[in-house]
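I opened this notebook to keep track of what I looked up, entry by entry. Each entry takes one topic and stays with it.

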Amino acid sequence: MAEIGYTMMCEQTPARQLVDDVATAERIGFDYAVISDHYFPWLEEMGHSPYAWSVLGAAAHATERLPLMTYVTCPIMRYHPAVVAQKAATMGALTEGRFTLGLGSGENLNEHVIGHGWPPVNTRHEMFREAIEIIKELFEGGYTTYRGEFFDVDSAKLFDLPERPVPLAIAASGGSSGDIAAEYGDGLVATDPDGELVRRFAASGGEGKPVYGQLPVCYDPDPKAALERAHRLWRWSAAGWKVMAELPAPVNFAACAETVRPEDVAEKVPCGPDVEAVVEAVRKYTEAGFTHVALVQIGHEHQREFFDWSEKELLPALRRLP
């Protein structure tokens, strides 16, 4: 049975509500929680984007058993990898081992703010490798000096480490990113139920390691209202990852999504109160080899009704999945 997670979606939710919501997710029985790490929302209509690491510190205090995870943090531009290592180690200590560092090579949307331009994908992957090497070395606890093509570290050391090193889950969509995940990751993160990607990860050293996926849903008692909200707030996702990684601002995502229809969104997002539609969508992930699937409820004003529905109907149905 896959573990079912809850997503703290920073791009659509005020900071204090994110903390309240993750405490509720723990109370009603979600198995873990992930948090997005953005500077911008995907669309202006989403309306929020608080600093994920501040929220994580509060979430660590507000929860007791729930594993927490970034989904995902980019360590190549907006954050220096040595700083990511310190943040992650602190979270590992605060949660007493409940934290996993999810890492990815990022999106222009969030990284352009430092004004250094957006490198081509092959360069980003080379930067990503160096960043992971730095983080892993710092997790070992000694002094680290690193001279790379993209990053330098001068005698850095983490003085607050958890008892066990923080696990790294590496985001991949195939090709070279999949190779990086297999080489460095304690787990794999993927956005789509891609069985071939999971099999390649397993064959390259990832056998038995966790595989994390994410599924957006839009619960509402009224299916029409759910579909309208999903289209209004989630139409950006239809572009696909190769486009999404390159666009620089919410206005560009809005322009890219001008021709996306509600039915296009509904093809990937279960909308309304149909439990079986969500179960079948999760089943696609489990059949592809995913061990963890985090749900995203679209619309921050509707989290409470989503939690009620999840506790009474959805989570019990998902528990019955083989």
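Entry on the annotated domain. I started from the UniProt record, an unreviewed entry, whose annotation "domain: Luciferase-like" covers residues 13-292. The model I am reading is a predicted one. Over residues 13-292 I find the chain to be 45% helix and 13% strand, and the C-alpha atoms at the two ends of that stretch are 23 Å apart.

Entry on helix α8. I looked up two residues here, beginning with R229, which lies in helix α8, residues 223-234. Is R229 buried or exposed? Its relative accessible area is 3%, and because buried means under 20%, I note R229 as buried. Leaving out residues up to four places away in sequence, I list C218, Y219, D220, W234, Q297, I298, G299 and H302 as the residues that R229 touches. With one of these, H302, there is also a polar contact from side chain to side chain, at 3.4 Å.

The second residue, A226, has its place in helix α8 too, and with a relative accessible area of 0% A226 is buried. Setting aside neighbours within four places in sequence, I find A226 in contact with C218, D220, C271 and G272. I also looked up how A226 stands to V19, which is 207 residues away along the chain, and their C-alpha atoms are separated by 24 Å.

Entry on R304. This residue has its place in helix α13, which spans residues 303-319. At 44% relative accessibility R304 counts as partly exposed, since that class runs between 20% and 50%. Which residues does R304 touch, not counting those up to four places away in sequence? I find D20, D21 and T24. D21 is 283 residues from R304 in sequence, yet the two are 8.2 Å apart in space, measuring from C-alpha to C-alpha. With T24 the side chain of R304 makes a polar contact, side chain to side chain, at 2.9 Å.

Entry on backbone geometry. I kept in mind that most residues other than glycine have a negative phi, and that most peptide bonds are trans. Against that background I noted the peptide bond from Y71 to V72, which is cis, with omega near -10°. V72 is found in the loop between β3 and α3, the latter being residues 81-94.

I then noted E96, a residue other than glycine whose phi is positive, near 55°. E96 has its place in the loop between α3 and β4, and with a relative accessible area of 72% E96 is exposed. S155 is not a glycine either, and its phi is positive at about 50°. S155 is found in strand β6, residues 152-156, and is partly exposed, with a relative accessible area of 43%.

Entry on the second largest pocket. I wrote down its volume as about 220 Å³. How many residues line the second largest pocket, and which lie nearest its centre? The lining has 17 residues, and those nearest the centre are G97, R98, F99, T100 and P167. Two strands, β3 (68-70) and β4 (99-103), each supply at least two residues of that lining. Sorting the lining by residue type, I get 10 nonpolar, four polar and three charged residues.

Notes. Residues numbered from 1 in each chain as written. Predicted model: local features only at pLDDT ≥ 70, side-chain atom pairs only at ≥ 80, totals over all residues. Heavy atoms only, no water. 1 Å grid on protein atoms, 1.4 Å probe; cavity = no way out; pocket = protein on both sides within 12 Å on 5 of 7 lines; lining within 4 Å. Points joined across faces, edges and corners; volume = space filled by probe spheres on them. Helix = DSSP H or I, 4+ residues; strand = E, 2+ residues; numbered from the N terminus. Nonpolar A, V, L, I, M, F, W, Y, C, P; charged D, E, K, R; others polar. Buried < 20%, exposed > 50% of the residue type's maximum accessible area, 1.4 Å probe, protein only. Polar contact = N/O pair within 3.5 Å; in protein donor to acceptor, adjacent residues only side chain to side chain. Contact = heavy atoms within 4.5 Å. UniProt positions renumbered as here; feature names shortened; annotations may be inferred.
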